[in-house]
Amino acid sequence: MAREVAESCIDSINLELVHTYSMRLHPTKPELAARRVEAIGFQVGLQLAERYTKERPRFGDHLEAIKFICKDFWAEVFKKQIDNLKTNHRGVFVLQDNRFRWLTRFSLDAPTSGNGSSSGEPNPANAARASQAAGQYLYFPCGLIRGALTNLGVPCAVSAEVSALPACSFIVRIKG
């Protein structure tokens, strides 16, 4: 019987990691907080990749490892596959998730008029603030991806972009 962890526990861990490192431990050093959260994700990604590939043969090239991340790894961790994979065939891959589960709870506060009613139109400033705040919660999954790929023999750098919540893209740049 496979051991699993409740999704709500993983959500809570990610929320608490970001809060603890950015608000309590390093409130004046957001870059340091980001590196620490990403490093934790890296260690988890290393271990998960080891677990998920122990019965598989090693991958022959970078593309096979990336496809494994998009299909099998993502399905295990986020209960779905990546929605889109793009590459420039020069070592850069973009993994698009149109409904990233850790960003689904972010809200765009609707603007209110003086009488307290909402116009129902999203405020671009609120959307930009929400996307920026959501970006903090992508350091851990960037670390997960980098750790898993490193374990699979693919040294890389991983960054993330939030387009429109809850969609995001993970950019993987192969090193060497």
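Trainee: At what angle do the axes of H2 and H3 cross, and within what distance do they come?

Mentor: In this predicted model, the axes of H2 and H3 cross at roughly 100 degrees and come within 11 Å.

Trainee: Why is this pair called roughly perpendicular?

Mentor: Angles of 65 to 115 degrees count as roughly perpendicular. The crossing of H2 and H3 is at roughly 100 degrees, and the two helices are therefore roughly perpendicular to each other. On the H2 side, the contact is made by Leu48, Ala49, Tyr52 and Thr53. H3 contributes Phe68, Phe73, Glu76 and Val77. By class, these residues divide into 6 nonpolar, 1 polar and 1 charged.

Trainee: What makes H1 and H2 roughly antiparallel?

Mentor: Helix H1 covers residues 7-25 and helix H2 residues 30-53, and they pack at an angle of about 150 degrees. Angles over 145 count as roughly antiparallel, and H1 and H2 are therefore described in that way. Their axes are 9 Å apart, and the crossing is right-handed. Leu17, Val18, Tyr21 and Ser22 of H1 meet Ala33, Arg36, Val37 and Ile40 of H2. The contact of H1 with H2 has 6 nonpolar, 1 polar and 1 charged residues.

Trainee: Why is H2 called oblique to H5?

Mentor: H2 and H5 pack at an angle of about 40 degrees, with their axes 6 Å apart. Roughly parallel requires an angle under 35 degrees, and roughly perpendicular begins at 65. The angle of about 40 degrees satisfies neither condition, which makes H2 oblique to H5. H2 passes H5 in a right-handed crossing. The contact includes Val37, Ile40, Phe42 and Leu48 of H2, together with Tyr139, Phe140, Leu144 and Ala148 of H5. Its residues divide into 13 nonpolar, 6 polar and 3 charged.

Trainee: Turning to the sheet, what makes S1 and S3 its edges?

Mentor: The 4 strands form an open sheet in the order S1-S2-S4-S3, with antiparallel pairing. Strand S1 (84-87) and strand S3 (156-162) each have a single partner strand, so one side of each is left without a neighbour in the sheet. The twist from one strand to the next averages 20 degrees.

Trainee: How do you know that S2 pairs with S4?

Mentor: Pairing requires at least two bridges between the strands. Strand S2 (residues 92-97) and strand S4 (residues 168-174) are joined by 6 bridges, and they run antiparallel. Valine 92 stands opposite arginine 173 in S4, while glutamine 96 has serine 169 as its bridge partner there.

Trainee: And what makes S1 and S2 a pair?

Mentor: S1 and S2 have 4 bridges in the antiparallel sense, where at least two are needed. Leucine 85 stands opposite leucine 95 in S2, and threonine 87 opposite phenylalanine 93. The hairpin of S1 and S2 has 4 residues between the strands, and histidine 89 in this hairpin takes a positive phi near 60 degrees.

Trainee: Which helices lie across the sheet strands?

Mentor: Helix H3 (residues 62-78) lies across S1, S2 and S4, and runs at about 15 degrees to S2. Helix H5 (residues 139-151) lies across S3 and S4, running at about 155 degrees to S3.

Trainee: What makes the backbone at lysine 79 worth noting, and which peptide bond is cis?

Mentor: Most residues other than glycine have a negative phi, and most peptide bonds are trans. Lysine 79, in the loop between H3 and S1, has a positive phi near 65 degrees. The peptide bond from leucine 165 to proline 166 is cis, with omega near 0 degrees. Proline 166 lies in the loop between S3 and S4.

Trainee: How confident is the prediction, and where is confidence lowest or highest among the elements?

Mentor: The mean pLDDT of the chain is 84, and 84% of its residues reach 70 or more. Confidence is lowest in helix H4 (residues 124-136), at a mean of 72, and highest in S2, at 97. Over residues 110-119, pLDDT stays under 50. For that stretch the model has 8 contacts beyond four places in sequence.

Conventions: Residues numbered from 1 in each chain as written. Predicted model: local features only at pLDDT ≥ 70, side-chain atom pairs only at ≥ 80, totals over all residues. Heavy atoms only, no water. Axes fitted to C-alpha atoms, helices over the stretch in contact; angles between N-to-C directions. Left-handed = near helix turned anticlockwise from the far one by under 90°. Contact = heavy atoms within 4.5 Å. Nonpolar A, V, L, I, M, F, W, Y, C, P; charged D, E, K, R; others polar. pLDDT = per-residue confidence, 0-100.
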